[in-house]
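Here is a colleague's note for a student who is meeting this structure for the first time. Please keep the view open while reading and find each element as it comes up.

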Amino acid sequence: MTEEEIQVLKAYCRNGKGFDDICRFIRKIEEKLNNKIEHLRENEEKFYAFISALPDIIFIFDENGRYIDIFTNEETQHYKYLSDLRGKLLSDVVPKNKAILFLETIHKTIQTGKKQIIEYQIPILSGVKWFEGRTSVLKSTVLDSRAMVVFAATDITKRKEFETELKKAKESAEQANHYKSQFLANMSHDIRTPMHGILGITDLLLSTSLNEEQTRYVSILKSTGSILLKLLNDILDLTKIEMGKLSFEYAEFDLDLALQSTIQPFEILAKNKNIRFDVQIPNFEYKVMGDSLRIQQVVNNLLGNAIKFTESGGVWIICVIENNARLEQDDFYLLKFTIVDSGIGIPKDKHKDVFLSFRQLDDSIQKKFGGTGLGTTISKQLVEQMGGEIGFFSPAIMFKNETGRPGTEFWFTLKLDKKAKIDSDIRLSNDQKEINYGQKAGREVRVLVADDNIVNQIIAQKMLEHIGISVDIANSGKEALGFYQKQKYDLIFLDLQMPEMDGYTTAKHIRQNERKVKKASFLGHIPIIAMTADILETNKKAFVESEMDAYLFKPFDLQKLKDVVEIWIKP
């Protein structure tokens, strides 16, 4: 009975109301009370129905960690002991470490008023069960003034088992990927080493006096070896992309020279196929920052496809500076490259496959033209990782096809930061300048090559002698140290995999000796170049610790060797 109802009843008595009136009033109050009780009962039934539908065990604790109440559903009723917990303290029921964890969680919930979540294990006969506990403050004015906490415990054993299996599967996949990477690294070394011998010897043969027939045969041999090497490089590049190990350089370079050196060989290929080959590239007044080799790789892949799939008509490569109107103000070039051909085109139903790995239009295309379908895949990855975009149209839209065939138009964009302005006169004089590799400051240039493979020794020695440089050959790292202690060298090439002492260790000894002995001032720091066929798995940590200066990947040709010599042996 409320205070208001009591005052009404007293008023009835003071006014001399009859007994019947008082009884009627009391019955009204009783009826109202019964309605409230029924309403409470309905709410209680709804509450228990709701609780029973939850996959949780619900505990109510006081601030001391005492079990005030427990609610379980049908699935959790096999925890028979739960009904005996009411009135007990946590410390009386669970191990000490668990009791401390639960009490800390209860206190933190009360202090912050915020929900807390913990995970814990409960040992059972068949092993353990995992639970997730979620707490919240119980606000009530009915029970008493004590702080109460609701603790909902959810059985997450199945989830944990799934997570464990998922972790095992992930570890198994990572291990398989590691084995795959190791296999590819070994394959790279085992294939690239003999390829270095084949391509290196053919390069040396072409530099000798051959008759026309011999030159043709050796050229075919070199071309065939180059195709095999490109296939290997494509597979390794794709693997590095998948592993996230594809590296990019950010260095200053002359874009015009880089593009010209890439495009020139395709002019010869187009001439041999009797198709038109047009180049429209602007004059770049500034050097740029970026990875010249990766840009060349994209152009090489797309031009290679264009030439390969074009039997008549022509191939065009166009580069446009899209921010040309603001060239002086901008500190970058926004470039769009377009490679167009009048070849066989790409059927519309195959457009979705163009940038997918190992895809050709159909088996007949693969049989006729060859290739793995990796060029466009790798190009897309390279362009996007350099911050650009790539796409295509087929039929080509830039030029009207002269052969009646659909043709294809690939395009990609790049943003390259501008650096120093190029003096065209200096560029021209550098192109025409003859470099005397064998002389430096009026003295003979001498190079040390350490490699345990006899074919590699012959290739390195003959290539270096071909450009006028004196060479000493060591069969191991230990023998190379002996040469180093007796002779002053301008440049040292070290194979990384040698018996007795590998290239990394040999380089470390040379650097230590440099610091102790202090070689002649005209030499100073002797450049050391690592020679390796393991293009996939280079040990960067060992490279840094050994203080080597650069890598030279096998197989290399005479031009690549010249490039290294020009960088590290200044005339």
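1. A good place to begin is a single pair of residues, since Asp 341 stands opposite Thr 408 in strand 12. Please keep in mind throughout that this is a predicted model. The two strands concerned, strand 10 and strand 12, pair in the antiparallel sense over 10 bridges.

2. Strand 10 has a further partner in strand 9 (residues 314-321), to which 7 bridges join it, and these two strands also run antiparallel. Within this pairing, Ile 317 stands opposite Ile 339 in strand 10. As general background, the strands of a sheet pair through backbone hydrogen bonds, and they may do so in either a parallel or an antiparallel way.

3. Is strand 10 largely enclosed or not enclosed by the rest of the structure? Of the 10 residues in strand 10 (residues 332-341), 8 are buried, so the strand is largely enclosed by the rest of the structure. Buried here stands for a relative accessible area under 20%.

4. Another part of the model shows parallel pairing, where 5 strands form an open sheet in the order 16-15-17-18-19. Strand 16 (470-474) and strand 19 (550-553) stand at the edges with a single partner strand each, and therefore one side of each is left without a neighbour in the sheet. On average, and with direction ignored, neighbouring strands of this sheet are turned by 25 degrees against each other.

5. Looking inside this sheet, strand 15 (residues 446-450) and strand 17 (residues 491-495) run parallel and are joined by 4 bridges. One position to look for is Val 447, which stands opposite Leu 491 in strand 17. Helix 13 (residues 477-486) packs on the sheet, where it touches strand 15, strand 16 and strand 17, and its direction makes about 140 degrees with that of strand 16. Helix 14 (residues 503-517), in turn, lies across strand 17, strand 18 (528-532) and strand 19, and runs at about 150 degrees to strand 17.

6. Turning to charged side chains, the structure holds 23 salt bridges. One of them joins Glu 174 to Lys 170, with the closest N and O atoms 2.5 Å apart. Because these two residues are 4 residues apart in helix 5 (residues 157-206), they are separated by about one helical turn. Glu 174 is partly exposed, with a relative accessible area of 44%, whereas Lys 170, with 51%, is exposed.

7. What does the salt bridge between Glu 285 and Lys 421 tie together? The side chains of these two residues meet at 4.0 Å, N to O. Glu 285 lies in the loop between strand 7 (276-280) and strand 8 (286-290), while Lys 421 belongs to strand 12 (residues 408-421), so the pair ties together parts that are 136 residues apart in sequence. Glu 285 counts as partly exposed at 30% relative accessibility, and Lys 421 counts as exposed at 56%.

8. A salt bridge is also formed by the side chains of Glu 444 and Arg 446, at 3.5 Å from N to O. Glu 444 is partly exposed, with a relative accessible area of 47%, and Arg 446 is likewise partly exposed, with 21%. Finally, salt bridges that share partners join Glu 119, Glu 132, Arg 134, Arg 159, Lys 160 and Glu 163 into one network.

Definitions and conventions. Residues numbered from 1 in each chain as written. Predicted model: local features only at pLDDT ≥ 70, side-chain atom pairs only at ≥ 80, totals over all residues. Heavy atoms only, no water. Pairing = 2+ DSSP bridges. Axes fitted to C-alpha atoms, helices over the stretch in contact; angles between N-to-C directions. Contact = heavy atoms within 4.5 Å. Buried < 20%, exposed > 50% of the residue type's maximum accessible area, 1.4 Å probe, protein only.
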